[in-house]
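This report looks at charged side-chain pairs and at one part of the surface. Please keep the sequence and the structure in view while reading.

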Amino acid sequence: TAMQQLSQYIAINKESRMKWINNAAKLKVLLTQLVREFNENPNIKEICVMCVFQNVVEWLPFTPWSDCSKKCDGGKMERRRECNTGNFADCVRHIGGKSVEQKECNTFKCEWLAYGVWSECSALCKGGTQVRERKCSTGNVQDCIHMFGGSNVEEQTCNEQQCEWVELRAEECSAECGEGTQIVRRYCQSGSDDDCKGNNFRVEPCQNYVGCFSYLMGIVAFWLYALLIAAAAIIGLFTKCTGKWPW
């Protein structure tokens with residue numbers, strides 16, 4: 001009979017049926033659809049019970065996608081949805097579809113990525129270190145360490161040559177005229193003078209002829225002044241003796 005069909009389509013099991021009965025809103029919708037079918041079909045045998053439930057039973061929205069089952073080399077992720085009857089078999093029977101969807105994820109290869117460039121050396125001389133790093137394809141280096149071993153950091157020595165002095169400035173020549181010596185100040189390229197051999201200064205020969213020129217000019221000026229004094233004395237004496245200027 002139609003009522004037997006109705007009871008068959010209401011839900012798959014007792015638990016689902018009780019949910020329909022306890023939900024007044026659902027029951028009202030269901031009865032409304034049934035009354036419409038009865039009104040449109042005088043012959044009770046022609047009532048489309050399946051059509052009624054296609055308008056009443058529905059899937060609820062999917063949940064968000066789950067985390068991928070694997071971090072690389074291809075995994076699965078899924079999302080689920082429930083039927084509004086509380087039993088997904090009701091929706092599968094009356095409107096079709098699935099309660100679970102799956103898709104592939106993290107299909108990239110599990111591997112260490114290439115190393116980056118070397119960092120700057122930690123010292124300019126006398127031995128330092130520099131490092132370079134690499135990443136795991138999963139984004140977490142611990143994954144590759146666990147799967148393949150190794151480390152994400154590589155280290156090597158650098159700038160092992162002896163530290164050298166860097167010239168800073170030279171002080172004035174010790175000689176005022178001619179040859180002498182001067183002190184050249186310097187600093188170690190490492191920043192610490194203890195890393196370089198010797199002192200932080202050196203002595204080198206030098207020449208200073210600018211002072212010589214000044215000295216000669218002083219002598220010339222002295223003798224010119226002396227000559228002027230002598231000439232003035234002579235002129236004065238000549239004038240005193242002759243009573244007239246010499247010119």
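What follows treats the salt bridges and then a surface patch, in a model that is predicted.

The count of salt bridges in this model comes to eight, and three of the pairs are set out below with their closest nitrogen-to-oxygen distances.

| Pair | N to O distance |
|---|---|
| D143 and K71 | 2.9 Å |
| R80 and E78 | 3.1 Å |
| E171 and R185 | 3.1 Å |

The pair of D143 and K71 links distant parts of the chain, since D143 lies in helix 6 (residues 141-148) while K71 sits in the loop between helix 4 (49-54) and strand 1 (75-80), 72 residues apart. With a relative accessibility of 12%, D143 counts as buried because that value is under 20%, whereas K71, at 52%, is exposed.

In the pair of E171 and R185, distant parts of the chain are again linked, with E171 in the loop between strand 5 (165-170) and strand 6 (178-188) and R185 within strand 6, 14 residues apart. E171 is partly exposed at 33% relative accessibility, and R185 is likewise partly exposed at 28%. Elsewhere, E167, R202 and E204 are joined into one network by salt bridges that share partners.

For the pair of R80 and E78, R80 is partly exposed with a relative accessible area of 45%, and E78 is partly exposed at 23%.

Turning to the surface, L216, I219, F222 and W223 make a nonpolar patch of about 440 Å². Among them, F222 is placed in helix 7 (residues 210-242), and this residue, F222, is exposed because its relative accessible area of 52% is over 50%.

Conventions: Residues are numbered from 1 along each chain as its sequence is written. This is a predicted model: local features need pLDDT of at least 70, side-chain atom pairs count only at pLDDT 80 or more; totals for chains, interfaces and linings use all residues. Side-chain values use heavy atoms; hydrogens and water are left out. Patches are made of residues with over 30% relative accessible area and no salt bridge: like charges are joined within 9 Å, nonpolar side chains (Val, Leu, Ile, Met, Phe, Trp, Tyr) within 5 Å. Accessible areas come from the Shrake-Rupley method with a 1.4 Å probe; for residues, only the protein chains shown count as cover. A salt bridge is a side-chain nitrogen of Lys or Arg within 4 Å of a carboxyl oxygen of Asp or Glu. Helices (H or I, at least four residues) and strands (E, at least two) are DSSP runs, numbered from the N terminus. Buried means under 20% relative accessible area, exposed over 50%, partly exposed in between (1.4 Å probe, protein chains only).
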